[in-house]
There are 2 protein chains.
Amino acid sequence: MTDIAADPPSSARPLRGTTQNILEMVRTRLADLRKSERKVADLVLADPRRILNATIAETAEIAAVSQPTVIRFCVAVGCEGFQDFRLRLAHSLALGTPATHSVLLATDPPQAVLEKIFDYTITSLDWARHHMDKEALGQAILLLENATAIEFFGFGASGIVARDAQQKFPLFGVPCGAQLDSHQQVMAASMLRPGNVAVVISNTGRTRSILDVAQTARESGAKVIGITGSDSPLVAHCDVAIIAETLDNTNIYTPTISRIAALVVIDILSTAVALRRTDEHFQRFEMMKKHLNELRFTEKE
Amino acid sequence: MTDIAADPPSSARPLRGTTQNILEMVRTRLADLRKSERKVADLVLADPRRILNATIAETAEIAAVSQPTVIRFCVAVGCEGFQDFRLRLAHSLALGTPATHSVLLATDPPQAVLEKIFDYTITSLDWARHHMDKEALGQAILLLENATAIEFFGFGASGIVARDAQQKFPLFGVPCGAQLDSHQQVMAASMLRPGNVAVVISNTGRTRSILDVAQTARESGAKVIGITGSDSPLVAHCDVAIIAETLDNTNIYTPTISRIAALVVIDILSTAVALRRTDEHFQRFEMMKKHLNELRFTEKE
DNA sequence: AGCAACTGTGTAATTATACTACATATCGAC
DNA sequence: GTCGATATGTAGTATAATTACACAGTTGCT
């Protein structure tokens with residue numbers, strides 16, 4: 001199609017979605033960049049905030065390249081131009097520097113630990129938000145809405161989530177249980193009946209006993225909702241699987257963030273179910289609000 | 001000073017810090033704006049994303065005002081100009097629309113509930129991050145670093161946090177306990193000894209029995225760290241108080257978000273303590289990492 | 001090794017965009 | 001109703017982003 005050779009060697013670059021963190025993008029594209037463009041990239045990665053408030057001329061100056069090179073760099077990392085690049089950079093910086101850039105060091109002062117963990121948590125939540133399966137979520141809400149009782153299952157960090165979900169029973173509007181011990185879990189799963197819903201929470205989805213629980217619950221006639229990470233074998237045992245993907249699954253903080261993402265999923269499910277019920281049972285909703293407020297002021301279970 | 005009258009009636013406007021969410025800013029300043037500027041403000045609040053990708057000319061066109069008015073609007077809400085405004089808008093939109101703008105409606109489809117809850121969670125976390133008392137955090141880390149044992153206390157949603165913290169004991173590196181029942185709490189608090197640290201978690205900080213626990217722990221000679229919301233009476237009973245402020249304290253979701261903010265605080269504390277120990281006990285740190293990885297792959301407590 | 005083709009980078013011109021100075025309209029008070 | 005003051009728009013200017021083009025450095029082929 002184009003027979004001009006020089007400027008755009010961008011024949012068929014598979015640029016990922018526009019929501020992608022631009023710093024991540026720069027980082028992954030680093031290898032494909034030309035020497036001069038790379039100077040710009042290095043500069044951006046080293047001190048993004050500086051570039052954010054700079055013009056093309058300044059950026060070119062600092063990076064010791066020409067102005068068009070700066071623009072070419074912007075295009076190379078998937079932006080429309082410099083303006084667009086700055087906007088995306090602002091977007092990314094708002095969320096914080098992704099964890100892949102800033103690894104915690106033993107020498108970090110508390111201040112740095114604070115920044116990095118907040119950065120990581122917020123970035124990951126943003127990621128989880130954009131990668132959440134809306135379809136599955138809707139189905140899960142439908143199941144929970146029609147449940148006669150709900151049972152939550154989880155171990156370790158996910159056990160925390162299960163218990164938290166159970167505490168939201170005023171929102172779900174039906175009896176809720178949370179089993180954290182594997183024996184109790186099997187027993188509870190066996191006792192489930194059609195109309196009941198089991199919510200199985202596991203980041204890896206690989207724990208043997210949690211898979212058993214999901215299967216048992218299903219055999220008992222209950223519907224099974226799974227909240228888990230990507231590539232999870234748990235999915236096979238669920239009627240609906242909500243994948244709460246985390247930014248970087250190999251990272252040491254994965255359990256930390258997956259836990260928080262799962263909590264947000266619970267918030268969404270409980271709130272959505274409560275809102276749905278409103279149409280039919282407005283009184284119930286009001287009561288729930290009252291309960292929540294009581295919880296706020298006295299904070300007693 | 002300036003005797004020109006027309007353009008800048010901005011004699012001495014007390015503009016808040018630059019980190020402030022620009023949408024919040026626009027909203028609070030709405031009353032002070034001139035009629036035409038207000039048209040722009042309404043437009044921005046109604047469809048911020050549209051403005052983000054528009055030029056001054058387009059914005060002026062849509063709002064049916066002149067181009068300088070758009071710039072005047074930008075200055076009026078505390079920006080340097082249109083460029084700066086766009087950058088800040090990008091920043092704010094990255095975090096999501098703050099909850100004050102988007103209240104959940106009974107008619108919201110699941111998709112909307114998802115967006116709003118993620119928005120609210122992320123915005124609030126950002127808020128909490130910028131309002132966190134770094135000083136207090138540093139002191140808390142110091143106390144935990146030198147603790148011989150740590151005991152976590154909390155009720156309801158905060159009880160979840162306490163238990164989560166206890167599960168991070170490999171990071172803290174000393175025996176950790178979590179008491180969720182008020183009788184057990186008093187007993188545990190009484191049994192604390194000098195060198196021990198009590199972490200008392202309560203969003204409102206007004207629950208009677210949790211205040212008693214803090215006091216008892218202190219009388220037993222233990223140091224007390226509080227994780228609580230603003231205006232909390234709990235602060236008086238603590239050696240160090242970490243205020244995890246939430247965006248909007250009167251909102252119905254306050255317990256929801258304060259819970260997550262508190263979890264992030266726990267993450268920061270545990271990680272910082274673990275990192276500190278590294279200098280002296282590198283082996284311990286390695287072991288901790290191994291433990292965490294085990295946790296990841298089998299997810300068993 | 002030497003020529004050719006191509007990729008990479010910078011210079012200079014162009015265009016678009018944000019911003020400023022000025023003029024006119026609108027509002028409110030006496 | 002007129003005057004003063006504030007608010008808004010028009011027209012022009014400066015600046016920043018973008019494009020077209022030309023040169024330099026690399027790589028491949030005979």
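# Reading a protein–DNA model

Reader: Which elements each supply at least two residues of the surface near DNA strand D?

Author: This is a predicted model. In the model, three elements each supply at least two residues of that surface: α5 of chain A, and α2 (35–46) and α5 (67–76) of chain B. To read such a surface, take every residue with a heavy atom within 4 Å of the strand.

Reader: Which element gives the most to the surface near DNA strand D?

Author: That is α5(B), with three residues.

Reader: How many residues surround DNA strand D, and which are the closest?

Author: There are 16, and the closest are Ile56(A), Phe82(A), Arg34(B), Ser36(B) and Arg72(B). On the DNA side, 66% of the strand D atoms that come within 4 Å of the protein belong to sugar and phosphate. Sorted by class, the surrounding residues are eight nonpolar, five polar and three charged.

Reader: Which atoms of DNA strand D lie close to Ser66(B), Thr69(B) and Arg72(B)?

Author: Read each pair by naming the atom on both sides. Ser66(B) uses a polar backbone atom, 3.1 Å from a phosphate oxygen of strand D. Thr69(B) uses a polar side-chain atom, 3.0 Å from a phosphate oxygen of that strand. With Arg72(B), a polar side-chain atom is 3.0 Å from a base nitrogen of strand D.

Reader: How many residues surround DNA strand C?

Author: Strand C has 18 residues around it, with Arg34(A), Thr69(A), Arg72(A), Ile56(B) and Phe82(B) the closest. Sugar and phosphate make up 66% of the strand C atoms that come within 4 Å of the protein. The classes here are seven nonpolar, seven polar and four charged.

Reader: Which atoms of DNA strand C lie close to Ser36(A), Arg72(A) and Phe82(B)?

Author: For Arg72(A), a side-chain N or O atom is 2.9 Å from a base nitrogen of strand C. Ser36(A) has a backbone N or O atom 3.1 Å from a phosphate oxygen of strand C. Phe82(B) also offers a backbone N or O atom, 2.7 Å from a phosphate oxygen of strand C. The elements with two or more residues in the surface near strand C are α2 and α5 of chain A, along with α5 and α6 (82–95) of chain B.

Reader: Where a helix is described as mostly covered, how many of its residues are buried?

Author: The cut-off for buried is under 20% relative accessible area. Helix α1 (residues 22–29) of chain A has six of its eight residues buried. These are Ile22(A), Leu23(A), Glu24(A), Met25(A), Val26(A) and Arg29(A). Their cover includes α2 (35–46), α3 (48–52), α5 (67–76) and α6 (82–95) of chain A.

Reader: Which residue caps the N-terminal end of α1(A)?

Author: Asn21(A) does, with a side-chain oxygen 2.9 Å from the backbone nitrogen of Leu23(A).

Reader: Is Ser92(B) buried or exposed?

Author: Ser92(B) counts as buried because its relative accessible area is 2%. The residue sits in helix α6 of chain B. Beyond four places in sequence, Ser92(B) touches Asn21(B), Ile22(B) and Leu23(B). The side chains of Ser92(B) and Asn21(B) form a polar contact of 3.2 Å.

Reader: How many residues has the largest nonpolar core?

Author: In soluble globular proteins, nonpolar side chains tend to be buried together. Here the largest nonpolar core has 97 residues, and those with the most contacts inside it are Phe152(A), Leu269(A), Phe152(B) and Leu269(B). A second, separate core has 56 residues, including Leu23(A), Ile51(A), Cys74(A) and Leu43(B).

Notes
Residues numbered from 1 in each chain as written. Chains lettered and ligands numbered in written order. Predicted model: local features only at pLDDT ≥ 70, side-chain atom pairs only at ≥ 80, totals over all residues. Heavy atoms only, no water. Buried < 20%, exposed > 50% of the residue type's maximum accessible area, 1.4 Å probe, protein only. Helix = DSSP H or I, 4+ residues; strand = E, 2+ residues; numbered from the N terminus. Contact = heavy atoms within 4.5 Å. Polar contact = N/O pair within 3.5 Å; in protein donor to acceptor, adjacent residues only side chain to side chain. Nonpolar A, V, L, I, M, F, W, Y, C, P; charged D, E, K, R; others polar. Core = buried A, V, L, I, M, F, W, Y, C linked by side-chain atoms within 4.5 Å.
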